[in-house]
Amino acid sequence: MKHKRLFSLRYKQIFILLLGTLVSLGMYFLVQSSGDFLITKKYLNEKAETKRLESYQKSLESYIRKNHVSIKNVRAISKWVKAHKYVYLVIYDADEIVYESGYWDDKYTAYEIAGTTDEGNAAGSFEGAGGRADIDSCLDHSVSRIAFIDGTYTASILDSSELEWYNIVTFVSLGVFFFFLFLILILYNHRIIARIMLLSKEVSLIEKGNTEQPIIYRGNDEITLLAVNADNMRNSIIARYKSEKEAWEANGELITSMSHDIRTPLTSLIGYLEILDAKNYHSEEQLDKYIKSCKTKSIQLKDLSDKLFQYFLVFGKEKILMQMDTFDVRILFQQLLSEHVFDLSNLGFQVKTEFVEQSCIITADIQYLKRLFDNLFSNVRKYASPEGQVTVIGYIEGSDLIISISNDIRKDSTIQDSTNIGLKTCQKIVEQMNGTFIIQKDFSHFEVRTVFPIKPIREE
């Protein structure tokens, strides 16, 4: 399965990050707006503001009386102002400001005044202050008259303590923002880790030999692709295990069958040899009969050993160890093929031959090459029709040498059942020599072609 790039973990991570940011921003603005609403409704209503300003006024009056503060003692007055973080204090004598200090917020648009004194003096004083605050807003409350030890002065108190609550709401909103952002990212990563852990657990079961448990996968990202590959590996292990089991069973059956097949002619051969060794025969005809029987049993043993070799050659280790060498094609194949052609002619087959006349070089293992043609011509002797013609042709086509052996297929009742083990052996030998093995067959005709790469012989 090929995963789509759009659903890869990289793009999913970016999407989750954007989604987490949007959700966190939504929660941030929700908490911020809710906090601002509560501050406005509960903390900045007229009753609460009046109560706070009256408490500041009483605190200031109490401080002055207790410490006998003079209007000239700026340090003492500033000490009280510093003790009240969000208070701004303005004191004036008639139209002249004699003291001004405290927390000032540029966003604040009006003075909040506590007390009951002459409104006209207060208004004049604010105008004399150079427009520090809005006059109409100032007159919402009366201006206080504060008694110092050296006289009574007009005082205006501005409270900005709601800013502390606004800051708290901002910090809480930021906390909520990061909480939801980290929560979404952690939940996503937890889901990814859970999928990886599940895959690791399932793979560990395969390692322990439990191949029947399928690997669960969903989605189409990299983890899904890994799970699919792991499940394919599990199926491959099952298939290989099944194949190996069948091979072991087949080997066992082969060994059992071969041991029985070998024991029968071998027992007879030993019996005939013991008779010959003891000279328990009564005539030359009987001697010839025993010798022919020994030869027949020996041929049977050879055929069985060849069959066993072919089986292990095909189903054994993948690569055959060969001793490769270079040979002249014209000389080599005439020698190898001529012997088999002669044997076929003696058996009554009509053989047509045509060998390559051009000299060229082939790289091959001579022993396996002999075994190759032994198998091919043995196949002809077993399955070719004696009435038909056997054609053996060798020719060069481009940079390849082609050996073609064709015959008509036997139709009579003497034909033997074929397992094709000999042809599989030939195919493996040819391919091991970097060649090609081709079989063409229909109901009446059979042809096999072996193709070997060659090199021309350079003339000196």
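I began at Y43 and found R52 lying over the face of its ring, 4.0 Å from the ring centre. I note here that the model is a predicted one.

Staying with Y43, I looked up its ring partner: the centres of the Y43 and W165 rings are 6.2 Å apart and their planes stand at 55°, so I entered the pair as tilted, given that only angles over 60 degrees count as edge-to-face and those under 30 as stacked. This pair joins distant parts of the chain, since Y43 belongs to helix 1 (residues 9–43) and W165 to helix 6 (residues 162–207), with their positions 122 residues apart. I also checked how open W165 is, and its relative accessibility of 43% puts it in the partly exposed class.

For the aromatic rings as a whole I recorded six pairs, and I noted that F177, F178 and F182 make up one aromatic cluster.

Next I turned to the nonpolar cores. The largest one holds 37 residues, and F333, L369, L372, F373 and L376 are those with the most contacts inside it. At least two residues of this core come from each of helix 9 (329–346), strand 7 (360–364), helix 10 (366–383), strand 8 (389–397), strand 9 (400–408), helix 11 (421–432) and strand 11 (445–456).

I then followed F333 on its own: leaving aside residues up to four places away in sequence, F333 touches S338, I362, L369, F373, L401, I403 and F452. Apart from the largest core I found another, of 20 residues, which includes L60, I77, I146 and Y153.

As a general remark, nonpolar side chains in soluble globular proteins tend to be buried together.

Definitions and conventions:
Residues are numbered from 1 along each chain as its sequence is written. This is a predicted model: local features need pLDDT of at least 70, side-chain atom pairs count only at pLDDT 80 or more; totals for chains, interfaces and linings use all residues. Side-chain values use heavy atoms; hydrogens and water are left out. Rings of Phe, Tyr and Trp (its six-membered ring) pair if their centres lie within 6.5 Å; planes under 30 degrees apart count as stacked, over 60 as edge-to-face and the rest as tilted. Helices (H or I, at least four residues) and strands (E, at least two) are DSSP runs, numbered from the N terminus. Buried means under 20% relative accessible area, exposed over 50%, partly exposed in between (1.4 Å probe, protein chains only). A charge sits over a ring if NZ of Lys or CZ of Arg is within 6 Å of the ring centre and within 35 degrees of the ring normal. A nonpolar core is a set of buried Ala, Val, Leu, Ile, Met, Phe, Trp, Tyr and Cys residues joined through side-chain atoms within 4.5 Å. Contact means heavy atoms within 4.5 Å.
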